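Open your viewer, switch to a cartoon view and keep the selection box handy. We will go from stop to stop, with a selection to make at each one.

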Amino acid sequence: MLSRAAWSLVLRRGGLGTRGKHSLEGTAPSERKMPPYTNYYAQRSYPMPDEPFCTELNAEQRALKEKEKGSWTQLSHAEKVALYRLQFHETFAEMNRRSNEWKTVMGCVFFFFGFTALLIWWQRVYMFPEKPITLTDEWRAQQLQRTLDMKANPVQGLASHWDYEKQQWKK
Amino acid sequence: MAYPTQMGFQDAASPIMEELLYFHDHTLMIVFMISSLVLYTISLMLTTSLTHTNTMNAQEVETVWTILPAIILILIALPSLRILYMMDEINNPSLTIKTMGHQWYWTYEYTDYENMTFDSYMTSTNDLTPGELRLLEVDNRMILPTELPIRVLVSSEDVLHSWTVPSLGLKTDAIPGRLNQTTLMASRPGLYYGQCSEICGANHSFMPIVLELIPLKYFEKWLLTML
């Protein structure tokens, strides 16, 4: 957003690396650019650019711009809309419209989650070694008993949650 | 020793570790407050449709958010320095023990009166008796008396190691050619586990430290059996 505003300033000056024009007619014709590379850049934080959207007007549009110099109450609704479209590329509603990009993004995210899950599953089946004996339920129960017997962390940790008189976990 | 689903530090077994736990609570509270403030500010920034493009300066808020962090840092530094100096207080140790790190075991030397030295190797998983802790048990534990200040001199015979017992708040590097001193004062008896904390080769993860803290009269009895 900020880079586009800066880029529009660059373009307004004629871009980087342009040399001074020596033409006697001025620089406007030689700066003619093909759409969409015009000098018009609007975004939500910079909604009213200096340059109008349409700079090359046909005869009818030129006549309309002349009529605009008079009283605006004499412009019809269609003429006002036409003048708006000459000055601006999109309305605010069009500029701020939502898109469906998020669905594509979330789809790719979930796809890669699944792919990673497949990789991890393959790893577990074909690459991981045997689990040590200390991870069996029986060993873990004996380990817990030993930890409670030695009263490890009796202040706020594991042994503090064990009721030694009733031989059960504290409620 | 650590237990499953543990979220914080192990319970303190020495006064210094209690102080460290209080300090950690204090500092973590400050960290949580700052983090939640930043998170709230970011969420405000991300959920607004308003734009503002022409702020030039903001002297008042800039002053506040320079002075306030300085004050917060001082509030963290003062307790920190207090504990740092507390660790270095003179405490008249009753016992001096030398701990030498090797690749990949520890040697404990009780040489105040007689020359008593023994090695402490990790018990391998195949040799464990049921219920013992994998990668934490050793064949000969370091046996010490409770409630007495003990001077521990830590050094190494080969590469860098680090002698660590988290529940006592101890971590001292074992540097070859250098004697590092730390003070140990356990408030309650029990078994306290730690692991080597400086990378020292292939079996760096397999040279644990186990302290067995027992009342003084049992310690004296044990000494007599060792000599």
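What follows is a walk through a predicted model, beginning with chain A and ending in chain B.

**Stop 1: chain A as a whole**

Select chain A and colour it by secondary structure. You should find six helices and two strands. Reading from the N terminus, their order is α-α-α-α-α-α-β-β. Now show the surface of the chain. Of its 171 residues, 17% count as buried. Chain A exposes about 14,100 Å², and 60% of that comes from carbon and sulfur atoms. As for contacts between residues at least 6 apart in sequence, 39% of those in chain A join residues at least 24 apart.

**Stop 2: a nonpolar patch**

Next, select A:F111, A:F112, A:F115, A:L118, A:L119, A:I120, A:W121, A:W122, A:V125, A:Y126, A:M127 and A:F128, and show their side chains. Together they make a nonpolar surface patch of about 1,400 Å². Zoom in on one of its members, A:I120, which sits in helix α5 (residues 101-126) of chain A. Is A:I120 buried or exposed? The reply lies in between: its relative accessible area is 40%, so A:I120 counts as partly exposed.

**Stop 3: salt bridges in chain A**

Over all chains, a search of the whole structure finds nine salt bridges. Let us call on some of them.

Select A:E68 and A:K65 as sticks. Their side chains meet in a salt bridge, 3.2 Å from N to O. Both belong to helix α2 (residues 59-68) of chain A, and because they are three residues apart there, about one helical turn separates them. A:E68 is partly exposed at 25% relative accessibility, and A:K65 is partly exposed too, at 24%.

Add A:E66 and A:K69 to the selection. This pair also forms a salt bridge, with 3.2 Å from N to O. A:K69 counts as exposed, at 66% relative accessibility.

Now jump to A:D137 and A:R140. The closest N and O atoms of this salt bridge are 3.9 Å apart. Both residues lie in helix α6 of chain A, three residues apart, or about one turn of the helix. A:D137 is exposed at 63% relative accessibility, while A:R140 is partly exposed at 47%.

**Stop 4: helix α6 of chain A**

Stay here and select the whole helix, residues 137-149 of chain A. From first C-alpha to last, its 13 residues reach 18 Å, close to the 18 Å expected at 1.5 Å a residue. Which residues of α6(A) are buried? They are A:W139, A:R146, A:T147 and A:L148. To see what lies over them, show β1 (162-163) and β2 (168-169) of chain A, and also β9 (190-195) of chain B: these are included in the cover of the buried residues. Just after the helix, click on A:K151, which takes a positive phi of about 55°.

**Stop 5: strands of chain B**

Move to chain B and select strand β1 (residues 95-102). Seven of its eight residues are buried, so the rest of the structure largely encloses this strand. Now bring in its partners:

- Strand β2 (residues 105-110) runs antiparallel to β1(B), and five bridges join the two. With two residues between them, these strands form a hairpin. Look for B:H102, whose bridge partner in β2(B) is B:Y105.
- Strand β5(B) runs parallel to β1(B), with seven bridges joining them. Here B:G101 stands opposite B:S156.

From β5 (residues 150-156) of chain B, step across to β8(B): the two strands run antiparallel and are joined by five bridges. B:L153 faces B:Q181 in β8(B). Colour the two faces of β8 (residues 180-184) separately. B:N180, B:T182 and B:L184 make up the covered face, and B:Q181 and B:T183 the uncovered one.

**Stop 6: B:Y110**

For the last stop, select B:Y110 in strand β2 of chain B. Its relative accessibility is 6%, below the 20% limit, so B:Y110 counts as buried. Which residues is B:Y110 in contact with, leaving aside neighbours within four places in sequence? Show B:I97, B:N115, B:M116, B:F118, B:M142, B:I143, B:L144, B:F219, B:W222 and B:L223 as sticks to see them. One of these, B:I97, is 13 residues from B:Y110 in sequence, and their C-alpha atoms are 5.1 Å apart in space.

Methods. Residues are numbered from 1 along each chain as its sequence is written. Chains are lettered from A and ligands numbered from 1 in the order in which they are written. This is a predicted model: local features need pLDDT of at least 70, side-chain atom pairs count only at pLDDT 80 or more; totals for chains, interfaces and linings use all residues. Side-chain values use heavy atoms; hydrogens and water are left out. Patches are made of residues with over 30% relative accessible area and no salt bridge: like charges are joined within 9 Å, nonpolar side chains (Val, Leu, Ile, Met, Phe, Trp, Tyr) within 5 Å. Accessible areas come from the Shrake-Rupley method with a 1.4 Å probe; for residues, only the protein chains shown count as cover. A salt bridge is a side-chain nitrogen of Lys or Arg within 4 Å of a carboxyl oxygen of Asp or Glu. Helices (H or I, at least four residues) and strands (E, at least two) are DSSP runs, numbered from the N terminus. Buried means under 20% relative accessible area, exposed over 50%, partly exposed in between (1.4 Å probe, protein chains only). Two strands pair if DSSP finds at least two bridges between them. The expected span of a helix is 1.5 Å times one less than its number of residues. Contact means heavy atoms within 4.5 Å.
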